[in-house]
Structures are given as C-alpha cells and as structure tokens.
Amino acid sequence: MRTRKNSNTFAVAKKHKRFIRQRNVMHPDIIKKYNRPAPRYTSYPPANYFGAFDGKDYLEAVEASDHAPQNHISFYLHIPFCRHLCHYCGCNSYPAGKPETVKAYVEALHREIDLVTRHIDCHRKIAQIHYGGGSPTSIPIPMIRELNEHLLSIAPTIEKPEIAIECHPGYLTVDDWQQLTTCGFTRYSIGIQDLREEVLKAVNRRPSLLPVVDILKILRTSGATVNLDFIYGLPLQTLDTFRQTIEQASLLRPDRLVTFSYAHMPKLFPRQQILDRVGLPATEEKNHMYDTASEILTANGYERIGLDHFVLPEDELAVALRTGQLHRNFQGYCTRRTTAQVYAFGVTGISQLDDAYAQNGRDIKEYIENIRKGELYTQRGYRLSTQQKLVREVIETLMCNYAIDWNNVAQRTGTPVTQLREACHYDEALLKEMADDGLLTLDGDNIVVNSEGRPFVRCVAAALDPLMQHTDKSFSNPI
C-alpha cells in the first residue's frame, strides 16, 4: 500500500507521465498506475477499521445523535436471506432460512427497532428508509409492509422521503410486484446484473422471472423511482456483450441505471474463488466496459453521478450534483435534503451516526436470542475524533461531487482552510502528480477531478486520507 514517503508506488515511465487516451480509451500504463487497492469510502473511516463496540457504546452515540447538525432520521433494515447465493456476492448474505426462522428474525427486527428508537427524539423527521441484504424480497411481502408501517409510526417524515428496497427479480411474480406497490416504497432497485442468461448461470444467479419491461410497468403505476442495477467485470462478459446489455437497458428508460464494478476479493469472500475457474475479464477490458456504458448512457440523456450511477436530468441526484449538494452513506447516493443519521437493524447492519459507527454481529441465531432478552447485538464500531470528522467531510465531498472547494467545506464545518488541509495531511506534490497525469485539475487551492479521472476518484480521496499513510488493511481495486 502507498505511503506518503514513497510516491513511487504509482510510478510509470516518463513518456506516459500525462493522461493519454486513444480512441477515448485510457492508456494501459495509466490504468496500471492507478488501479491499486483503495477504500470505496462509503464511510470514513472504512468499516475494516472498526473495533470492539457494545450496546452501551451504541446507545450513547444514538442519544448524542439527537444533537447532530444533520439530524434527520434514516432507518436501514438488513434482510440477510437469499433463496440462491450468487458466487460474486460480497454482501452479508445467508441461505434462506426455514419459515419459522424468518418469522423469528422479523419479530426480532421489530423488537430491536423499539429498543433503539426509545432513545431517539421522535420529534425529528424520517428522511430515509432502506432495505438491503441479502435479498429483502426473499421474505413474505406482508412482513415488509408491517415493518414499514412500524417505522413510519415512530416519527413524522420530511416532504418526499426516500423509502427504498433492493429487489431480486428472479422469484417475484406479478402478484408479488403488485403487493410491493402497496407498501409505501418510493424507490425500487432491481438487481438485473446482466441480461445474458449464460453470464447469470456462470455466477449462480437466477434471471428475472418476468420480462423487465413488465416489471417497470407495474412499479410505475405507484409513481416510484426505479433503478436497474448491473455489474460489469463478471465471467463471460465481453465489451460487446456488455454494450448490448446497456443498450437494451437504456431503451427501457429506467429513472436510474447503476453499473457496479465487480470487486473480486476471494480471500475475504471464499465463494468468489469459483469465478477464478471460469475466468474474469482483463482489467483493461473491464475499464472499457465502464467507458462504453458511460458513453451509451450519456448519449441517451443520462447524467453520470458518482462512481456508478446514471440518472435522468430531472432526477434529484442530478440536481444535487449540479448544485454541489450530493451526499452518500451506506445506503448509496442521496442529497443534502435527505442526509440523515442512519440507525441500522438486523445482523451486520451498520449505524452511521455523527460521532460513531456501530455494527451488529453476524450470527442470526445469536441476534434473535439477544434481542429476545432485550439486549442489543452491537459488536463492532468506531468513535470518530474531531480530526477524522473533518477528513470525512472532505472525502465525502470529493467522492460525491468530484471536487473540493476548500472555502465551501470550511464554511460548512466552521473550520479554517489551513486546519482542514492539515487534518488531511495535504500532499501537494502527490496531487500535482495526479494533475500531471490528467486525473484532476488544481484550480488554485481547489481540486476538480477530470472526467477521465473519475474512475480513480478513490485514489484521489486516498491521497487526502491520513489513515492511508501506513495501513495493512485490504481494499478492492477501482476497476
């Protein structure tokens, strides 16, 4: 891992010192130089820095969160069950349990909600509710409706809250989709991943039970926003086949289309080793897949948001990006309007609060038993120092908006620019090297990541991260 004292980690031949593109394709030496492990920065510090943290620690952070500068409420529910485990998955997922296990788990979610929310000022407003997994739609939909009703009874909502759920289309019937539209969701993320059945078969994922166009028709009757999610870098994908997939998807005109880069980390997720036997696309071809998808989608009127989202121009995320109000948390991209303190429920759920992070343990049986006894299942977490909260604000700003206006961040945090830069251990030489390579532009004191450099915004963020000076943590590559 790079240290500030040795910037040669990213060294390349001088003839490729500048960012070179041929036929709109990034030069292989530049890809090699910057395609090094770096955090995804869905949180700062990243989750692999978490340490011992218990229920008492968590409740202290929950009570303190009432007084956070941005103190809207966001609820996250982790549904860990999957009817079929995909080989590529890096999520905290488990094979679908018996009906009695699922019932006991959902009952525990209701109890945990009550255990935590009694410590929250319920005059605050709910801005977000998000269901992730696993496959949230693997459980009976009436259970999902009851959970939503419980959460929405706790506090009032902001105008137009985001209530979102991740959906696996491989098992949902017409009736299932229609039932979901009665649960109050304002956004659905549908995990398509690829439109070719041979790719899905190679990664052990079931294809959509219904034609995607029919699913969209049903969901649009509710007025909700619909994401279609895809993964690039999977076995049997090629540049041409992924181009065809994105072309077909763009014709369906979803509100948002997401292209996730497959993160191959078989040491952390052993089931990914199966994919090594099938074979994965080379790094350069994988990068071409993203470039091609971006070109197709922007040509069809979508705007690029962050690392992987493409949205229509009128989408709230697009407006937020144009005005510098884009934000991000463990649930994904959001706006400053919906930014909130995140309270997570269920196994491995991570609460994301102003002063701390707290994560539940991963054993389903232990979780149910603890909650039945009236005890929280918090096992890991992290308390942020004042300096780290400043670094978090800088890195989140960069990751979301591809730019840092130091004066703007200083005004928002009430901190002088010099102190902000000291907190980040600002390395002008390293940033100038990235500028020489075309990843970014140094506009006076400010940083603007260029369009060509956006796939490597994680590397730019790492250059402002004191924790990356000396680290033994494992991260995925940007591409």
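**Exercise 1.** In this predicted model, find the polar contact that the side chain of R380 makes with the side chain of Q359, and describe the surroundings of R380.

*Solution.*
Step 1. Start with the pair itself: side-chain atoms of R380 and Q359 form a polar contact at 2.4 Å.
Step 2. Look for a backbone partner. A polar atom of the R380 side chain lies 3.0 Å from the backbone oxygen of A47.
Step 3. Place R380 in the fold: this residue belongs to strand β19, residues 378-383.
Step 4. Check its neighbours. Leaving aside residues up to four places away in sequence, R380 touches A47, N48, F50, G51, F53, Y357, A358 and Q359. A358 is 22 residues from R380 in sequence, yet their C-alpha atoms are 5.8 Å apart.
Step 5. Consider exposure: R380 has a relative accessible area of 30%, so it is partly exposed.

**Exercise 2.** Work out how many disulfides the whole structure holds, and why C82 has no such bond.

*Solution.*
Step 1. The search gives zero.
Step 2. Recall the cut-off: two cysteine sulfurs must be within 2.5 Å.
Step 3. For C82, the closest cysteine sulfur is in C89, 6.2 Å away, which means it is too far for a bond.
Step 4. Try C334 as well: its closest cysteine sulfur, in C400, is 7.3 Å away and therefore also too far.

**Exercise 3.** Find which residues touch the most other members of the largest nonpolar core.

*Solution.*
Step 1. Among its 77 residues, these are Y131, W177 and Y343.
Step 2. Helix α3 (residues 99-117) supplies the largest share, nine residues.
Step 3. Zoom in on W177, whose contacts include C167, P169, L172 and I190.

How values were computed: Residues numbered from 1 in each chain as written. Predicted model: local features only at pLDDT ≥ 70, side-chain atom pairs only at ≥ 80, totals over all residues. Heavy atoms only, no water. Core = buried A, V, L, I, M, F, W, Y, C linked by side-chain atoms within 4.5 Å. Buried < 20%, exposed > 50% of the residue type's maximum accessible area, 1.4 Å probe, protein only. Helix = DSSP H or I, 4+ residues; strand = E, 2+ residues; numbered from the N terminus. Contact = heavy atoms within 4.5 Å. Polar contact = N/O pair within 3.5 Å; in protein donor to acceptor, adjacent residues only side chain to side chain.
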